[in-house]
Amino acid sequence: MNKVIRFALVFIICYGICLVLFQIRAVSVPFYAALKVLTTGSVSSSLPSADISSQWKNREGGGSDIYIVYGNPVLIQAAKQEAKNSGQRYATLPTKSLELHLFEMFIVPVLFLIGLYVATPMHWKPKLMNLCIAFAILIIYLLFKIILLSLFEISNARIGVYELGDSAMQFLGKILGVFSLGLTITLAFVLWLIFGFRNSRLADDFKFVTTK
């Protein structure tokens, strides 16, 4: 029982420290910059018929919130050409945007997963390997969620690309309704159960507690 309590305390302390560290810009900015590139590249490569870019919500940059900016490349090119022909230095591009909260979407569940593994009594080599596997699955899931969300927003905007029918939009909306932060945390916990808990000494201790 003491080992179970120790696991819980180590997890809480580790998770809390990681959350506090991410309030420091020197720590958080590089991670947010990498996530901005990763999310933009994933959406752009998955939805190539749309013009995809991104920008920080905070004008200073480096915050936890970004905009995925999307538009019809044909209309964007036409707007640029029209501005060029009329001698304007700047063109008003027909784009729309989707706001993403990187801290809630990525950092919270990833730190939750890391905290579970740090607190799990395992040899460091299998712990690191299993953490990497769980981390990769979690990131793939989150990127898939963002791609579906982007597809929904682009279709709903009716900009001339990826315009889904009503039934497809309803189905996609139901799927996105399930993809909440709670489900992401649950997935992280399940991944820990599969790759971490059942391969650790904690599993034997827990069996001993429950059968005692």
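Contact means heavy atoms within 4.5 Å. The exercises below concern a predicted model, and each is followed by a worked solution.

**Exercise 1. Threonine 120**

Determine where threonine 120 is found, whether it is buried or exposed, and which residues it touches beyond four places in sequence.

Solution. Begin with the placement: threonine 120 is found in the loop between α4, residues 102-119, and α5. Next take the accessibility, which is 0% in relative terms, so threonine 120 counts as buried, given that buried means under 20% relative accessible area. Finally, leaving aside residues up to four places away in sequence, the partners that threonine 120 touches are Phe7, Lys127, Trp192, Gly196 and Ser200.

**Exercise 2. Cysteines and disulfides**

Establish how many disulfides the structure holds, and explain why cysteine 14 is not bonded to cysteine 18.

Solution. The count of disulfides in the structure is zero. To see why for cysteine 14, look for the closest cysteine sulfur, which belongs to cysteine 18 and lies 4.3 Å away, too far for a bond, because a disulfide requires a pair of cysteine sulfur atoms within 2.5 Å. Cysteine 132 is likewise in no disulfide, the nearest cysteine sulfur being that of cysteine 14 at 15 Å. As for the surroundings of these residues, cysteine 14 counts as buried at 13% relative accessibility, whereas cysteine 132 is partly exposed with a relative accessible area of 44%.

**Exercise 3. The packing of α1 against α4**

Describe the geometry of the pair α1 and α4, then list the residues that make the contact and sort them by class.

Solution. Helix α1, which covers residues 2-21, packs with α4 at an angle of about 145°, and their axes are 8 Å apart. The handedness of this crossing is right-handed. From α1 the contact draws on Phe7, Val10, Phe11, Cys14, Tyr15, Cys18 and Leu19, and from α4 on Phe103, Val108, Leu111, Phe112, Gly115, Leu116, Val118 and Ala119. Sorted by class, the contact of α1 with α4 has 14 nonpolar residues, one polar residue and no charged residues.

**Exercise 4. The packing of α2 against α4**

Find the angle at which α2 and α4 cross, classify their relative orientation, and state which residues meet.

Solution. The axes of helix α2, residues 25-46, and of α4 come within 11 Å and cross at roughly 110°. The two helices are therefore roughly perpendicular to each other, since angles of 65 to 115 degrees count as such. On the α2 side the contact is made by Tyr32, Leu35, Lys36 and Thr39, and on the α4 side by Leu102, Phe103, Phe106 and Ile107. By class, this contact of α2 with α4 comprises six nonpolar, one polar and one charged residues.

**Exercise 5. The packing of α5 against α7**

Carry out the analysis for α5 and α7, covering the angle, the orientation, the handedness and the residues that meet.

Solution. Helix α5, residues 124-157, and helix α7, residues 181-195, pack at an angle of about 155° with their axes 10 Å apart. That makes α5 roughly antiparallel to α7, because angles over 145 degrees count as roughly antiparallel. The crossing of α5 and α7 is right-handed. In α5, the residues Asn130, Ile133, Ala134, Ile137, Leu138, Tyr141, Leu142 and Lys145 meet Leu181, Leu183, Thr184, Leu187, Ala188, Leu191 and Phe195 in α7. By class, the contact of α5 with α7 has 12 nonpolar, two polar and one charged residues.

**Exercise 6. Valine 110 and proline 126**

Locate valine 110 and proline 126 in their helices, assess their accessibility, and give the separation of their C-alpha atoms.

Solution. Valine 110 has its place in helix α4 and, at 12% relative accessibility, counts as buried. Not counting residues up to four places away in sequence, valine 110 touches Phe135, Leu138 and Ile139. Proline 126 is found in helix α5 and counts as partly exposed, with 30% relative accessibility. The C-alpha atoms of proline 126 and valine 110 are separated by 18 Å, with the two residues 16 apart along the chain. For valine 110 and glycine 87, 23 residues apart along the chain, the C-alpha separation is 49 Å.

**Exercise 7. Backbone angles between α5 and α6**

State what phi is for arginine 158 and tyrosine 162, and where these residues lie.

Solution. Arginine 158 lies in the loop between α5 and α6, the latter covering residues 166-178, and its phi is near 55°, a positive value in a residue other than glycine. Tyrosine 162 is found in the loop between α5 and α6, and has a positive phi of about 55° although it is not a glycine. In accessibility, arginine 158 is partly exposed with a relative accessible area of 41%, and tyrosine 162 counts as partly exposed at 25%.

Key:
Residues are numbered from 1 along each chain as its sequence is written. This is a predicted model: local features need pLDDT of at least 70, side-chain atom pairs count only at pLDDT 80 or more; totals for chains, interfaces and linings use all residues. Side-chain values use heavy atoms; hydrogens and water are left out. Buried means under 20% relative accessible area, exposed over 50%, partly exposed in between (1.4 Å probe, protein chains only). Axes are lines fitted to C-alpha atoms, for helices over the stretch in contact, and angles run from 0 to 180 degrees between N-to-C directions. Angles under 35 degrees count as roughly parallel, over 145 as roughly antiparallel, 65 to 115 as roughly perpendicular and the rest as oblique. A crossing is left-handed if the near helix is turned anticlockwise from the far one by less than a right angle, and right-handed if clockwise. Ala, Val, Leu, Ile, Met, Phe, Trp, Tyr, Cys and Pro count as nonpolar, Asp, Glu, Lys and Arg as charged, and the others, Gly among them, as polar.
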